[in-house]
Amino acid sequence: MEDGRGVKRARRTHGEASSYPAVSETEILRLVSERETLRQSRRFAESDAIREELRSYGVEISDKDKEWWAKDGRRGRLFTAGPGECLLDNNEIQDRIIEREEARRSKDFDLADRIRNELRTEGVELNDKE
């Protein structure tokens, strides 16, 4: 039985130490993406709540290794951009990156962060550290 988010409850067997609800990979990716976005926005209490929700499904996260894994053997990389397809073309992306760099150079960090977050929701992840 699904709960509207692609989550199915697993049957418990007699004597089983722990049982986790079955959860679709789509739902795991959605939650991982949402959690990473919250972490980037420094909204740690909400991010921690999603980590606990993932744990209730038998999914663990390693921020250090940038990966997630489920007790059923599935695993994947952590990402902050949305898991959907990007609708922006390369020129639009490049224009937004240039606009963001100009904002950073002029120390308008609110605008730079806003552009980064807009790109992230479109599926584009910027890495300023590399």
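A biologist asks and a modeller answers about the structure above.

Biologist: What kind of model is this?
Modeller: Local features need pLDDT of at least 70, side-chain atom pairs count only at pLDDT 80 or more, and totals for chains, interfaces and linings use all residues. Residues are numbered from 1 along each chain as its sequence is written, and side-chain values use heavy atoms, with hydrogens and water left out. The model is predicted.

Biologist: In what order do the elements of the protein chain run from the N terminus on?
Modeller: The protein chain has 4 helices and 5 strands. Helices (H or I, at least four residues) and strands (E, at least two) are DSSP runs, numbered from the N terminus. The order is β-β-α-α-β-β-β-α-α.

Biologist: What share of the residues of the protein chain counts as buried?
Modeller: Buried means under 20% relative accessible area, exposed over 50%, and partly exposed in between (1.4 Å probe, protein chains only). The protein chain has 130 residues. The buried share is 30%.

Biologist: Which strands form the open sheet, and in what order?
Modeller: Two strands pair if DSSP finds at least two bridges between them. E3 (residues 59-62) and E4 (residues 67-70) pair over 4 bridges. E4 and E5 (residues 75-77) are joined by 3 bridges. Pairing is antiparallel, and the order is E3-E4-E5.

Biologist: Which strands have one side without a neighbour in the sheet?
Modeller: The sheet is open and has 3 strands. A strand with a single partner has one side left free in the sheet, so look at the edges. Those strands are E3 and E5.

Biologist: Which residue in E5 stands opposite Trp69?
Modeller: Trp69 also stands opposite a residue of E3, namely Glu60. E4 and E5 run antiparallel. The residue in E5 is Arg75.

Biologist: Which residue in the turn between E4 and E5 has a positive phi?
Modeller: E4 and E5 form a hairpin with 4 residues between them. The phi in question is about 100°. The residue is Gly73.

Biologist: Which residue takes a positive phi in the hairpin of E3 and E4?
Modeller: This hairpin has 4 residues between the strands. The residue lies in the loop between E3 and E4. Its phi is about 55°, although it is not a glycine. The residue is Lys66.

Biologist: Is Lys107 buried or exposed?
Modeller: Lys107 is found in the loop between H3 (90-105) and H4 (109-121). Lys107 has a positive phi of about 65°, although it is not a glycine. Its relative accessibility is 63%, so Lys107 counts as exposed.

Biologist: How do H1 and H2 run relative to each other?
Modeller: Axes are lines fitted to C-alpha atoms, for helices over the stretch in contact, and angles run from 0 to 180 degrees between N-to-C directions. The axes of H1 (residues 25-40) and H2 (residues 44-56) come within 8 Å and cross at roughly 160°. Angles under 35 degrees count as roughly parallel, over 145 as roughly antiparallel, 65 to 115 as roughly perpendicular and the rest as oblique. That makes H1 and H2 roughly antiparallel.

Biologist: How many residues of the contact of H1 with H2 are charged?
Modeller: Contact means heavy atoms within 4.5 Å. Residues including Ile28 and Arg35 in H1 meet residues including Phe44 and Glu53 in H2. Ala, Val, Leu, Ile, Met, Phe, Trp, Tyr, Cys and Pro count as nonpolar, Asp, Glu, Lys and Arg as charged, and the others, Gly among them, as polar. The contact has 7 nonpolar, 1 polar and, as charged residues, 6.
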